Amino acid sequence: MITNLRDCYILLGGDYDDVMSRLPREQLVQKFIFKFLDEKSYEELERALAEEDYETAFRAAHTMKGNCQNLSFTQLSESSSQLTEALRMENYVSAAQLMPKLSEDYLQTTGAIREYKQFLEGSV
């Protein structure tokens, strides 16, 4: 059960201390992680890969990677980085093989954020 922001970061496979070193107020981190739930790069990546639109897929993966690095979502950052590099190298078979891991990490990340958000809303 998530009862604080650190718990959320543990569950999503992130680095709480790293994000707090850059965004030194929990309210600021909360603001940005909740905005991540509305970010559309994952959906855009899925659609672009399905349509074999690799230029759009690259941009979406690269955006996701940057957002994850900024928020210290370590696990999702790694999988999005690997997929970004596969697309950069035009290795589309590898990119397709990496997508299930990225999807798993994305669902874990967004699930942890939603759980944390529900906790906060319930404790008000």
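The following dialogue discusses how to read a predicted model of one protein chain.

Student: Where should a reading of the fold begin, and how many helices and strands does the protein chain have?

Tutor: A reading may begin with the secondary structure. In this predicted model, the protein chain has seven helices and zero strands. From the N terminus on, the order of elements is α-α-α-α-α-α-α.

Student: What does the radius of gyration of the protein chain say about a compact globule?

Tutor: The value is set against the one that a compact globule with the given number of residues would have. For 124 residues that reference is near 14 Å, and the protein chain, at 15 Å, agrees with it. Along the principal axes, the C-alpha trace spans about 45 × 25 × 20 Å.

Student: What share of the contacts joins residues at least 24 apart?

Tutor: Here one takes contacts between residues at least 6 apart in sequence; in the protein chain, 65% of these join residues at least 24 apart.

Student: How should burial and surface be read, and what percentage of the residues is buried?

Tutor: A residue is called buried when its relative accessible area is under 20%. Buried residues account for 41% of the 124 residues in the protein chain. The accessible surface is about 6800 Å², and carbon and sulfur atoms hold 50% of that surface. As for charge, there are 13 positive and 21 negative side chains, with the centres of the two sets 6 Å apart.

Student: Which residues of the largest nonpolar core touch the most other members?

Tutor: That core has 36 residues, and those touching the most other members are Tyr-9, Ile-33, Leu-45, Phe-73 and Ile-113. Each of the helices H1 (5–12), H2 (16–22), H3 (26–36), H4 (41–50), H5 (54–71), H6 (74–88) and H7 (92–122) supplies at least two residues of this core. H7 gives the largest share, seven residues.

Student: With which residues is Phe-73 in contact, leaving aside its neighbours within four places in sequence?

Tutor: The partners of Phe-73 are Tyr-9, Leu-12, Gly-13, Gly-14, Ile-33, Phe-36, Cys-68, Thr-109 and Ile-113.

Student: Is Ser-80 buried or exposed?

Tutor: Ser-80, in helix H6, is buried, because its relative accessible area is 0%. Beyond neighbours within four places in sequence, Ser-80 is in contact with Ala-61, Met-64, Lys-65 and Leu-102.

Student: Where is the place of Asn-91, and what is its relative accessible area?

Tutor: Asn-91 lies in the loop between H6 and H7. Its relative accessible area is 37%, so Asn-91 is partly exposed. The C-alpha atoms of Asn-91 and Tyr-54 are separated by 10.0 Å, with the two residues 37 apart along the chain.

How values were computed. Residues numbered from 1 in each chain as written. Predicted model: local features only at pLDDT ≥ 70, side-chain atom pairs only at ≥ 80, totals over all residues. Heavy atoms only, no water. Helix = DSSP H or I, 4+ residues; strand = E, 2+ residues; numbered from the N terminus. Rg over C-alpha atoms; globule rule 2.2 N^0.38 Å. Buried < 20%, exposed > 50% of the residue type's maximum accessible area, 1.4 Å probe, protein only. Contact = heavy atoms within 4.5 Å. Areas by Shrake-Rupley, 256 points an atom, 1.4 Å probe, with all protein chains shown as cover. Lys, Arg positive; Asp, Glu negative; His and termini not counted. Charge placed at Lys NZ, Arg CZ, Asp CG, Glu CD. Core = buried A, V, L, I, M, F, W, Y, C linked by side-chain atoms within 4.5 Å.
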